[in-house]
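Got the viewer open and a selection box ready? Let's take a walk through this one, stop by stop.

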Amino acid sequence: MPRRPVSLTLPDLTGRRAVVTGGSDGIGLRIAARLAAAGADVVLPVRNAVKGDAAVATIRRETPAARVSTRHLDLSSLASVADLADELLTDGRPIHHPVANAGIMTPPERQTTDDGFESQLGTNHLGHFALVSRLLPVLRAGHARVTSQISVAADSNAVNWDDPNWEQSYDGMRAYSQSKIAQGLFGLELDRRSRALGWGITSNLSHPGVAPTALLAARPELGRTGDTVSVRVIRVLSALGITGTPDSAALPALYAAVSPDSEPGGFYGPSGPGHLGGGPGPQRLYRNLTDADAAHRSWQLSERLTGVTFATS
């Protein structure tokens, strides 16, 4: 079955600064490449310098004049998050389009971050929470639009309030869902607090649908020595045009981050059947993300765990 092409025209982003986590491969690389092609100055915070250099080379092959650079970031370390924030604050340049895209998925066994958090909660949510908090001055200077990349997994399971670090019993998929629910609640609460406190930034959410990436592929560092059955099935479905590709899966985050039609507090994803692939469009907000009290509770939990707080004025 021939795949219907999907596309998105980006506005001119000359003079704008974007920061894309998880931009060294997969969907994040496609997000970064499109932003750079539109003229943005793109910063790629990466854990692996070799992969980061390869990503920069890929972007410059596509856009020789691209303004793109890497910085070191390990989202599983709050010390690394603080170091990156200090670098970007020292730069003193406003940030306009931060895209919290990086993530890990379903280590077979429970793992912890440098700070003792369950690895998915720590990497997918708490690291981004701490980074946005520390960068608030340059985000405010850029009247930033913060985009948090969540997942269809946020539409199932729940936050494990009694044991958020899964110390009592570990379920990789439930822990992954929790991390994406928490990140979604954060993105929406960030927009509410900005409006209430006059921070001058906006925040919205995106999800990529389903596409073949490294997220479920072999990841020895996560204890996964081979590709999962899921990613093998997704590759077949993508080839058949049923799910997305890394290129199409990047479009919802791009739409959320820079389209003049995306809205504060909005949620964007693929508009094809089942919201698995296709062009970007507005999405129904998942039930897990509709409770403002839960968002407030998650915010307080994130502040307590990270020791990082947002300015109140």
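What should helix α3 span at 1.5 Å a residue, and how far apart are its end C-alpha atoms? Select residues 78–91 to find out: this is a predicted model, and α3 has 14 residues, so the expected span is 20 Å, and the end C-alpha atoms are 20 Å apart, which agrees.

**Stay on α3**

Show side chains on α3 and pick out Leu78, Ser80, Val81, Ala82, Leu84, Ala85 and Leu88, which are buried. It helps to remember that an α-helix has 3.6 residues a turn, so residues three or four places apart point the same way. Now switch on the surroundings. The buried residues of α3 pack against three strands, β1 (17–20), β2 and β3, and against the helices α4 (119–134), α5 (136–141) and α10 (292–306). Before you leave, step just past the end of α3 to Gly92, where phi is positive at about 75°.

**Zoom out**

Time for the whole chain. Color by secondary structure and you get 10 helices and 8 strands. The C-alpha trace spans about 50 × 45 × 40 Å along its principal axes. Why call the radius of gyration consistent with a compact globule? For 313 residues such a globule would have a value near 20 Å, and the chain has 18 Å, which agrees. Color by accessibility next: buried residues are 57% of the 313. The exposed area of the chain is about 13100 Å², with carbon and sulfur atoms supplying 51% of it. If you like contact maps, take the contacts between residues at least 6 apart in sequence: 73% of them join residues at least 24 apart.

**Select β2 and β3**

Pick residues 41–46 for β2 and 67–72 for β3: these strands run parallel, joined by 6 bridges. For a specific pair, click Pro45, whose bridge partner in β3 is Arg71. Then follow the backbone from β2 through helix α2 (residues 49–62) to β3, a right-handed β-α-β crossover.

**Select β5**

Next up is the strand at residues 145–149. Is β5 buried or exposed? All 5 of its 5 residues are buried, so β5 is largely enclosed by the rest of the structure. In a regular strand the side chains alternate between the two faces of the sheet. Turn on sticks to see how that plays out here: Arg145, Thr147 and Gln149 point one way, while Val146 and Ser148 point the other way.

Now look at what β5 pairs with. Strand β4 (residues 97–100) runs parallel to β5, with 2 bridges joining them. Click Val99 and you'll find its bridge partner in β5, Thr147. Strand β6 (residues 202–206) also pairs with β5 in the parallel sense, over 5 bridges. There, Arg145 has Thr202 of β6 as its bridge partner. Add helix α6 (residues 172–197) to the selection, and β5, α6 and β6 together make a right-handed β-α-β unit.

**Two positive phi angles**

Most residues other than glycine have a negative phi, and most peptide bonds are trans. With that in mind, check two loop residues on a Ramachandran plot.

- His143 sits in the loop between α5 and β5. Its phi is positive, about 45°, although it is not a glycine. His143 counts as exposed, because its relative accessibility is 58% and the cut-off for exposed is over 50%.
- Trp166 is in the loop between β5 and α6. Phi of Trp166 is also positive, near 55°, in a residue other than glycine. Trp166 counts as buried, because its relative accessibility is 7% and buried means under 20%.

**Two last clicks**

Go to Ser298 in helix α10. Ser298 counts as buried, at 5% relative accessibility. Which residues does Ser298 touch, not counting those up to four places away in sequence? Select Trp161, Ala182 and Leu185 to see them.

Finish at Arg235, which lies in helix α7 (residues 229–239). With a relative accessible area of 36%, Arg235 is partly exposed. Draw a distance from its C-alpha atom to that of Glu167: the two residues are 68 apart along the chain, and the line reads 33 Å.

Note on methods
Residues are numbered from 1 along each chain as its sequence is written. This is a predicted model: local features need pLDDT of at least 70, side-chain atom pairs count only at pLDDT 80 or more; totals for chains, interfaces and linings use all residues. Side-chain values use heavy atoms; hydrogens and water are left out. Buried means under 20% relative accessible area, exposed over 50%, partly exposed in between (1.4 Å probe, protein chains only). Helices (H or I, at least four residues) and strands (E, at least two) are DSSP runs, numbered from the N terminus. Two strands pair if DSSP finds at least two bridges between them. A crossover is right-handed if, with the strands pointing away from the viewer, the path from the first strand over the helix to the second runs clockwise. The radius of gyration is taken over C-alpha atoms; the globule rule is 2.2 Å times the number of residues to the power 0.38. Contact means heavy atoms within 4.5 Å. Accessible areas come from the Shrake-Rupley method with a 1.4 Å probe; for residues, only the protein chains shown count as cover. The expected span of a helix is 1.5 Å times one less than its number of residues.
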